[in-house]
Amino acid sequence: MKIFKKFTFDSAHFLPNVPDGHKCKNVHGHTYHLTVFFEGDLDDHFKWVIDFGEVKKVIKPIIDSIDHKLLNEIEGLENPTCEILAIWLWDRIKTQIPALATIKLYENPSSGVIYEGS
Ligand SMILES: Nc1nc2c(c(=O)[nH]1)N=C([C@H](O)[C@H](O)COP(=O)(O)OP(=O)(O)OP(=O)(O)O)CN2
Ligand SMILES: [Zn+2]
């Protein structure tokens, strides 16, 4: 079974490697929508995959470290495409919750990425 939990955060970024004149060369902001999925069997006693509260306890500090920040100034996010940000989030969540199965990250209502690990 898969469970999921949703988070939102607001961050600024620019894409340093796009050509001059590309709109994403300028600093701009997004309200990111993140959905994180975890897969596993139900715990015999609790009858859940993982406590949603435990998920929040792990992910909230990670989100807080990028919320209302310029992503480019954060180590590992010097070129903060949606794809790189998904990998960055994956690496930090997976080490703490191995049941992580999928990350869905929307940069805006029409664009985003789904990542399931390398
Ligand atoms: N594959 C990727 N392409 C682009 C990324 C990315 O992270 N991965 N990022 C951007 C920019 O961040 C840009 O801000 C978002 O692009 P886009 O979705 O084109 O933004 P719009 O506001 O123009 O969206 P519309 O819904 O089309 O109006 C660019 N590309
Ligand atoms: Zn952008």
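Start by selecting glutamate 107, which is partly exposed because 18 other C-beta atoms lie within 10 Å of its own, between the limits of 12 or fewer for exposed and 20 or more for buried. The model in the viewer is predicted. Glutamate 107 sits in strand β3. Show its contacts beyond four places in sequence: His30, Tyr32, Cys82 and Gly112.

**The annotated active site**

Add Cys24 and His68 to the selection; an unreviewed UniProt entry places the feature "active site" at these two residues and at Glu107. Go next to histidine 68, in the loop between α1 and α2. Is histidine 68 buried or exposed? It is exposed, since 10 other C-beta atoms fall within 10 Å and the limit for that class is 12 or fewer.

**The annotated binding site**

Now select His13, His28 and His30, where the unreviewed UniProt entry places the feature "binding site". These residues are spread over 18 residues of sequence but cluster in space, with a largest C-alpha distance of 8.1 Å. His30 has already come up as a contact of glutamate 107.

Centre on histidine 13, in strand β1 (residues 2-13). With 25 other C-beta atoms within 10 Å, histidine 13 is buried, because 20 or more are enough for that class. Leaving out residues up to four places away in sequence, histidine 13 touches Leu70, Leu71, Asn72 and Pro80.

Move to histidine 28, in strand β2. This residue has 11 C-beta neighbours inside 10 Å and therefore counts as exposed. Beyond four places in sequence, histidine 28 touches Ala12 and Phe14.

**Helix α2**

Select residues 82-94, which form helix α2. The helix has 13 residues and reaches 18 Å from its first C-alpha to its last, close to the 18 Å expected at 1.5 Å a residue. Colour Leu85, Ala86, Leu89 and Ile93, which are buried. Where do the buried residues of α2 fall when seen down its axis? They keep within an arc of 100 degrees, so they line one face of the helix. An α-helix has 3.6 residues a turn, so residues three or four places apart point the same way.

To see what covers the buried residues of α2, display the elements that include β2 (28-39), α1 (52-64), β3 (100-108) and β4 (111-115). Then pick leucine 85 on its own: setting aside neighbours within four places in sequence, leucine 85 is in contact with Leu71, Leu77, Pro80 and Leu105. Of these, Leu71 and Pro80 are also touched by histidine 13.

**The nonpolar core**

Keep leucine 85 selected and extend to the largest nonpolar core, which has 15 residues. Those that touch the most other members are Val36, Leu85, Ala86, Leu89, Ile93, Ile103 and Leu105. At least two residues of this core come from each of β2, α1, α2 and β3.

**Zooming out**

Clear the selection and show the cartoon. The protein has 2 helices and 4 strands, and along the sequence they follow the pattern β-β-α-α-β-β. The C-alpha trace spans about 55 × 25 × 20 Å along its principal axes. Of the 118 residues, 15% count as buried. For a last display, draw the contacts between residues at least 6 apart in sequence: 61% of them join residues at least 24 apart.

Terms used
Residues are numbered from 1 along each chain as its sequence is written. Chains are lettered from A and ligands numbered from 1 in the order in which they are written. This is a predicted model: local features need pLDDT of at least 70, side-chain atom pairs count only at pLDDT 80 or more; totals for chains, interfaces and linings use all residues. The expected span of a helix is 1.5 Å times one less than its number of residues. The arc is that of the directions from the helix axis to the C-beta atoms. Two residues are in contact if their C-beta atoms, placed from the backbone, lie within 7 Å. A nonpolar core is a set of buried Ala, Val, Leu, Ile, Met, Phe, Trp, Tyr and Cys residues joined through C-beta atoms within 7 Å. UniProt positions are given in the numbering used here, feature names are shortened, and annotations may be inferred rather than shown by experiment.
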